[in-house]
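Subject: Structure handover

Hi,

Here is the structure for you to look over. My notes follow below it.

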Amino acid sequence: MPILGTLASQFSGKPFESFESIASTTVGSGGQSSIEFTSIPQTYTHLQVRFLARGGRSDSEQYAGGIYFQFNSNFLTSLHQVRGLKSTSLSAQGWSGGLSNGFIMLWVPASNAQANTFGVGIIDILDYANTNKNKVARILSGNDLNTNGGAAAMTTALWNSTSAITSITFGPTDGIGSISQYSQFALYGIKGS
Amino acid sequence: MPTKLVVNCETGEQTEIELTAEEIAQREADAAAYAAEVAAREEAEAARAALKASARAKLVAGTPLTEEEAAVLVL
């Protein structure tokens, strides 16, 4: 059964059947400190995560209620680069380097943003099972809070390891917040080369 | 007690698990690192904004800019 919304943005040149749902989850009441996809099957060529989320920490920049992700419980710290565009009513910014504590940030609303606002994004994880390559990911994420600004970011991340990715973890960038109720994460596998 | 949601992709099972003391300690360390990161970022942004304001004022007044002020205006 085709998954709605996946056709237009799937990896180019691949038949629709090459895109399969692996697992998905919705955060329940009270939020979660983290979400972990474990025992990821090694039978696909690439992975894709689609998310709709809201952070559980407060931030003066309400569009920056960041969520990080890890591979195999490892931060993506080594040699990663980040390029982004952050827009508000005042300015747009680009930056590189990422956060020094290793959190690659997904741009979702903070807990003090308007109620019921969420950010969305897609993470492509290439050759995740290939043990001859270091692992890279490309991320599109963002949210729009109307008069309180918004953010859209294009991010690339590197995990400097040839290990196969068997788990992916999402958590709040401040370490102590949570991922809010109704946030959704869906993991897909992409077949073929 | 904070919990994490574990989704087993093999079985489809979803389990809420309470964090261990070690995981909670790691979260606290992460929080401290994050706070330091935010403070450093805000300090750098404030310094850059002050430098730009100073450079702009000097340009308008026709007075010489420092090397730092010139650098912040020229990409």
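Strand E2 of chain A, residues 34–38, pairs with E1(B). The two strands run parallel and are joined by 5 bridges. In that pairing, A:Ser34 sits opposite B:Lys4.

Bear in mind that this is a predicted model. Its scores are ipTM 0.82 and pTM 0.80. For chain B, the average pLDDT is 88, and 99% of the residues reach at least 70.

Now the contact between the chains. Chain A puts in 22 residues and chain B 19 residues. On the chain B side, strand E1 (3–8) and helix H1 (21–61) each supply at least two residues. The largest share there comes from H1(B), with 7 residues. By character, the chain B side that touches chain A splits into 9 nonpolar, 4 polar and 6 charged residues.

One residue of chain A is worth a separate look. A:Arg50 lies in strand E3 of chain A, which covers residues 46–53. Is A:Arg50 buried or exposed? Neither label fits: A:Arg50 counts as partly exposed, because 18 C-beta neighbours lie inside 10 Å. The cut-offs are 20 or more for buried and 12 or fewer for exposed.

Which residues does A:Arg50 touch, leaving aside neighbours within four places in sequence? The contacts are A:Ile122 and A:Ala186. A:Gln184 also belongs in this picture: 134 residues separate A:Gln184 from A:Arg50 in sequence, while the C-alpha to C-alpha distance is 8.2 Å.

Best wishes

Note on methods:
Residues are numbered from 1 along each chain as its sequence is written. Chains are lettered from A and ligands numbered from 1 in the order in which they are written. This is a predicted model: local features need pLDDT of at least 70, side-chain atom pairs count only at pLDDT 80 or more; totals for chains, interfaces and linings use all residues. pLDDT is the predictor's confidence in each residue, from 0 to 100. Helices (H or I, at least four residues) and strands (E, at least two) are DSSP runs, numbered from the N terminus. Two residues are in contact if their C-beta atoms, placed from the backbone, lie within 7 Å. Ala, Val, Leu, Ile, Met, Phe, Trp, Tyr, Cys and Pro count as nonpolar, Asp, Glu, Lys and Arg as charged, and the others, Gly among them, as polar. Two strands pair if DSSP finds at least two bridges between them.
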